[in-house]
Amino acid sequence: MLSSRSNTLSIRSADGAIFDLEQQINLLDSKISPLRNTVQKKLDKIEDEIANCNFLIDSGIGSKSDKAGLRKTKRQLRQSRIKLWDDLKYLPALEEERRELVRELNAMRRRHGILL
């Protein structure tokens, strides 16, 4: 009788631990996805805008004030790009943490005989 009760408690605690790992993985996914998609798209757009500014500055078209405005815009774009790079630098660490949690989750499932 005691053995059966012990097994039931063990299964419940394993289910709770598995659920916690799944929640942690989902939380990491919610952080990784925007970094991977949105930030990269923004970076690509900024790179295109910087290239366009460079072209317009180098083309010789426009007044001195137009070129000054383009240089200012280019400076702002570079600052935005640096901020986005700062955001992206955390992506590899988040991805590694997610892989480790998935390994833990799979090991725990194997230990407790939970197959998906």
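**Figure 1. The salt bridge between Arg81 and Glu47 in the predicted model**. Arg81 pairs with Glu47, and the closest N and O atoms of the two side chains lie 3.2 Å apart. The pair links distant parts of the chain, with Arg81 in helix 2 (residues 64–88) and Glu47 in helix 1, 34 residues apart. Arg81 has a relative accessibility of 16% and counts as buried because this value is under 20%. Glu47, at 33% relative accessibility, counts as partly exposed.

**Figure 2. The salt bridge between Arg36 and Glu95**. The closest N and O atoms of Arg36 and Glu95 are 2.7 Å apart. Arg36 belongs to helix 1 (residues 2–59) and Glu95 to helix 3 (residues 91–111), so this salt bridge ties together parts that are 59 residues apart in sequence. Arg36 counts as partly exposed, with a relative accessibility of 45%. Glu95 is one of the buried residues of helix 3. A search of the whole structure gives eight salt bridges, and the pair Arg36 and Glu95 is one of them.

**Figure 3. A salt-bridge network that includes Glu100 and Arg103**. Glu100 and Arg103 form a salt bridge whose closest N and O atoms are 2.7 Å apart. These two residues are three residues apart in helix 3, so about one helical turn separates them. Both side chains count as partly exposed: Glu100 has a relative accessibility of 38%, and Arg103 has a relative accessible area of 43%. Through salt bridges that share partners, Glu96, Arg99, Glu100 and Arg103 are joined into one network.

**Figure 4. Lys74, a buried lysine of helix 2**. Lys74 lies in helix 2. The residue is buried but has no salt bridge. The nearest side chain of opposite charge is that of Asp58, 6.8 Å away, and the pair is therefore not a salt bridge, which requires a nitrogen within 4 Å of a carboxyl oxygen. Apart from neighbours within four places in sequence, Lys74 contacts Ile50, Cys53, Asn54 and Ile57.

**Figure 5. Lys67, a buried lysine of helix 2 with no salt bridge**. Lys67 is also placed in helix 2. For Lys67, the nearest side chain of opposite charge is again Asp58, here at 7.8 Å. When residues up to four places away in sequence are not counted, Lys67 touches Ile57, Gly60, Ile61 and Gly62. Ile57 is in contact with Lys67 and is also in contact with Lys74.

**Figure 6. Helix 2, with its buried residues and Lys83**. The 25 residues of helix 2 should span 36 Å at 1.5 Å a residue, and the end C-alpha atoms are 36 Å apart, in agreement with that value. The buried residues of the helix are Lys67, Leu70, Lys74, Leu77, Arg81, Leu84 and Leu88. Lys83 is found in helix 2 too, but it is exposed, with a relative accessible area of 52%. The C-alpha atom of Lys83 is separated by 9.9 Å from that of Leu43, a residue 40 residues away along the chain.

**Figure 7. Helix 3, its buried face and the residue Gly113**. Helix 3 has 21 residues, which should span 30 Å at 1.5 Å a residue; the end C-alpha atoms are 30 Å apart, which agrees. Its buried residues are Leu91, Leu94, Glu95, Leu101, Leu105, Met108 and Arg109. Seen down the helix axis, these buried residues fall within an arc of 145°, so they line one face of helix 3. The face turned away from the buried side carries the exposed residues Ala93, Arg110 and Arg111. Just after helix 3, Gly113 takes a positive phi of about 70°.

**Figure 8. The whole chain as context for the close-up views**. The chain has three helices and zero strands, and its elements run α-α-α from the N terminus on. Of its 116 residues, 23% count as buried. Among contacts with a separation of 6 or more, 81% are between residues 24 or more positions apart. The accessible surface of the chain comes to about 8600 Å², and carbon and sulfur atoms account for 55% of it.

Definitions and conventions:
Residues numbered from 1 in each chain as written. Predicted model: local features only at pLDDT ≥ 70, side-chain atom pairs only at ≥ 80, totals over all residues. Heavy atoms only, no water. Helix = DSSP H or I, 4+ residues; strand = E, 2+ residues; numbered from the N terminus. Buried < 20%, exposed > 50% of the residue type's maximum accessible area, 1.4 Å probe, protein only. Lys, Arg positive; Asp, Glu negative; His and termini not counted. Contact = heavy atoms within 4.5 Å. Expected span 1.5 Å × (residues − 1). Arc of directions from axis to C-beta. Areas by Shrake-Rupley, 256 points an atom, 1.4 Å probe, with all protein chains shown as cover.
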